[in-house]
Amino acid sequence: MQIKTITTHPYNDQNPGTSGLRKKVKVFQQPGYLENFVQAIFDSLDDLTGKILVLGGDGRYFNRPAIQVIIKMAAANGFGELIIGQGGLLSTPAASHIIRKYNAFGGLILSASHNPGGPDEDFGIKYNVSNGGPAPEKDTNAFYQRSLVIDSYKIASIEDIDLDHIGTHKIDNLSITIIDPVADYAELMQSIFDFNLLKQSISSGYITLLFDAMHAITGPYAKKIFIDILGATPDSVINAEPLEDFGGHHPDPNLAHAQELAERMFGLAPPVFGAASDGDGDRNMITGSNIFVTPSDSLAIMAANAHLIPAYAKGLRGVARSMPTSQAVDRVAAHYNIPCYETPTGWKFFGNLLDAGKITLCGEESFGTGSDHVREKDGLWAVLFWLNLIAIKRQSVTDIVNEHWQKFGRDIYCRHDYEAVEINIANSIVDHLRNQLPTLPRQTFAEYTVKYADEFSYEDSIDGSISSNQGIRIGFENGSRIIFRLSGTGTVGATLRIYLERFEADASKHNQNAQVALATLINLAEQFCEIKKRTGRTEPNVVT
Ligand code: G16
């Protein structure tokens, strides 16, 4: 195979965010842009010669051409084997599983997750390490540093590979295997959950379900698992065909974007259970007939009931949540006397805890939950977990949630997102918040007295690494919190996220609307950050 070394010039904006490098497709299409970043990754890795690389993406626009480039670069850089999902498709959790199962050196996952797709929309790429999880910060920092000085990349002169047929191609010492993207993952799910019980519950009509794949990667996975294996009716999976532009929608599983699902679940005669996943299949939204379960509550409920699921019957070693996720799971951990860790936003921070066996279950408010079965959050796993719970407990989603709140109390929670804020304004808001931090403790606002006001910094208990500036926290004596963070996944301007939470022990007040119950905190948040005043906006773009 002939290998060419191409001269390039560095770009200065290839700093990975919360989850890989995400930019507009047009940015990725600049000469050498994709190649530089991939070469920066390969240059930063210890000897990769002869090793296995897993490759796949969520099928969005630019997925296929990018994969062909990466195949040629991986060949030129000396990988021994490439494992690629048929059609260039792999969900993020399936890629994580395949890296682990086949002892791969790592994997490149092409996705911008829940961001929209298409020629004028978003593309992304991230590297996962040999444990199957996202590269930790020390690696992503190294990728960025290398990208700033890169002056050439290596690429092999080989024909494009046929991605659509399963099989193996041999080119000199390189073997390229195109695999069924679903089979290994479906097998893994069957080793975790009680598929016999699920089949009975679905065939008897006890569980009716609706899954919205949002024209993204989970369509083929959901069809295989829910329809082919579990026997659900074909109309149980909607928007199942992956499209390069996700049908023009945001593949973001929340009530605003999974509109069709929301209409059915809150309409006449809804199914027992409804769920959606995102672009690359790692997020999940859980609903029941006329109820939406917040991701923070979902994590807590899963933790409280995990012992009912076959794979977790021995109980959980510990749990973890990202800092802005509500404290509901902390109460469950305290009840079962297991450790609960608080990490910065970003799945990569759970990896060390999972590898060290400190935690079994973890999750985030951003619609992500997962366990030690892979090293990514896992949308369909969460859906199967809930289905398995409903089948065992013989309760509706509403009853499961209410029972949980009665036992543990309710952490009333919501998040307000202000998207595409001008970067200078966003930075001035963060500076303004920072300046107030020393003066806030012990001040009282209505019934809220500030207990602490700081910027979250995390020390990894396994490798001792420190991650600073991970969000501004204002915590109150009564356990309520307001948190401010700039998103690390947006591609236009800055997104300010405001997370609000208040604990309610009184069961007679559990069924309040969250926006109403959190109204004082919402006003206080504006008083602290002045987003409306500084931008002239009147409301957040998204409320979850
Ligand atoms: C990614 C990360 C998550 C994070 C989320 C939101 O999810 O994997 O850990 O919670 O982004 O991050 P931010 O608040 O910085 O936008 P995904 O599903 O987009 O890969």
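**Ligand site and internal cavities**

In the predicted model, a backbone N or O atom of Gly-346 is placed 3.3 Å from an oxygen atom of the ligand. Side chains also approach ligand oxygen atoms: a polar side-chain atom of Ser-487 lies 2.6 Å from an oxygen atom of the ligand, and for a polar side-chain atom of Arg-497 the corresponding distance to an oxygen atom of the ligand is 2.5 Å. Taken on its own, the ligand has 470 Å² of accessible area, of which the protein covers 99%.

The ligand is surrounded by 19 residues, and the closest of these are Thr-18, Glu-364, Gly-488, Thr-489 and Arg-497. Arg-497 thus appears both among the closest residues of this shell and, through a polar side-chain atom, at 2.5 Å from a ligand oxygen atom. With regard to residue class, the shell around the ligand comprises 10 polar and 8 charged residues, together with 1 nonpolar residue.

The internal space of the structure was examined next. In general terms, empty space left between atoms is revealed by rolling over them a probe the size of a water molecule. The structure contains 5 cavities of 30 Å³ or more, and the largest cavity, with a volume of about 230 Å³, is lined by 26 residues, of which Thr-18, Ser-19, Arg-283, Lys-377 and Thr-489 are the closest to its centre. This largest cavity is the space taken by the ligand; accordingly, Thr-18 and Thr-489 are listed both among the residues closest to the ligand and among those closest to the centre of the cavity. The lining of the largest cavity consists, by class, of 13 charged, 10 polar and 3 nonpolar residues.

The second largest cavity holds about 100 Å³ of space. Its lining is formed by 15 residues, and those nearest its centre are Gly-20, Lys-126, Tyr-127, Ala-135 and Thr-140. In terms of secondary structure, at least two residues of the lining of the second largest cavity come from each of helix H2 (33-44), strand S6 (122-128) and helix H5 (137-147), with S6 giving the most, at 3 residues. The lining of the second largest cavity divides into 8 nonpolar, 5 polar and 2 charged residues, whereas the lining of the largest cavity has 3 nonpolar, 10 polar and 13 charged residues.

Terms used: Residues numbered from 1 in each chain as written. Predicted model: local features only at pLDDT ≥ 70, side-chain atom pairs only at ≥ 80, totals over all residues. Heavy atoms only, no water. Near = heavy atom within 4 Å. Polar contact = N/O pair within 3.5 Å; in protein donor to acceptor, adjacent residues only side chain to side chain. Areas by Shrake-Rupley, 256 points an atom, 1.4 Å probe, with all protein chains shown as cover. 1 Å grid on protein atoms, 1.4 Å probe; cavity = no way out; pocket = protein on both sides within 12 Å on 5 of 7 lines; lining within 4 Å. Sits in = over half its atoms within 2 Å of the grid points. Nonpolar A, V, L, I, M, F, W, Y, C, P; charged D, E, K, R; others polar. Points joined across faces, edges and corners; volume = space filled by probe spheres on them. Helix = DSSP H or I, 4+ residues; strand = E, 2+ residues; numbered from the N terminus.
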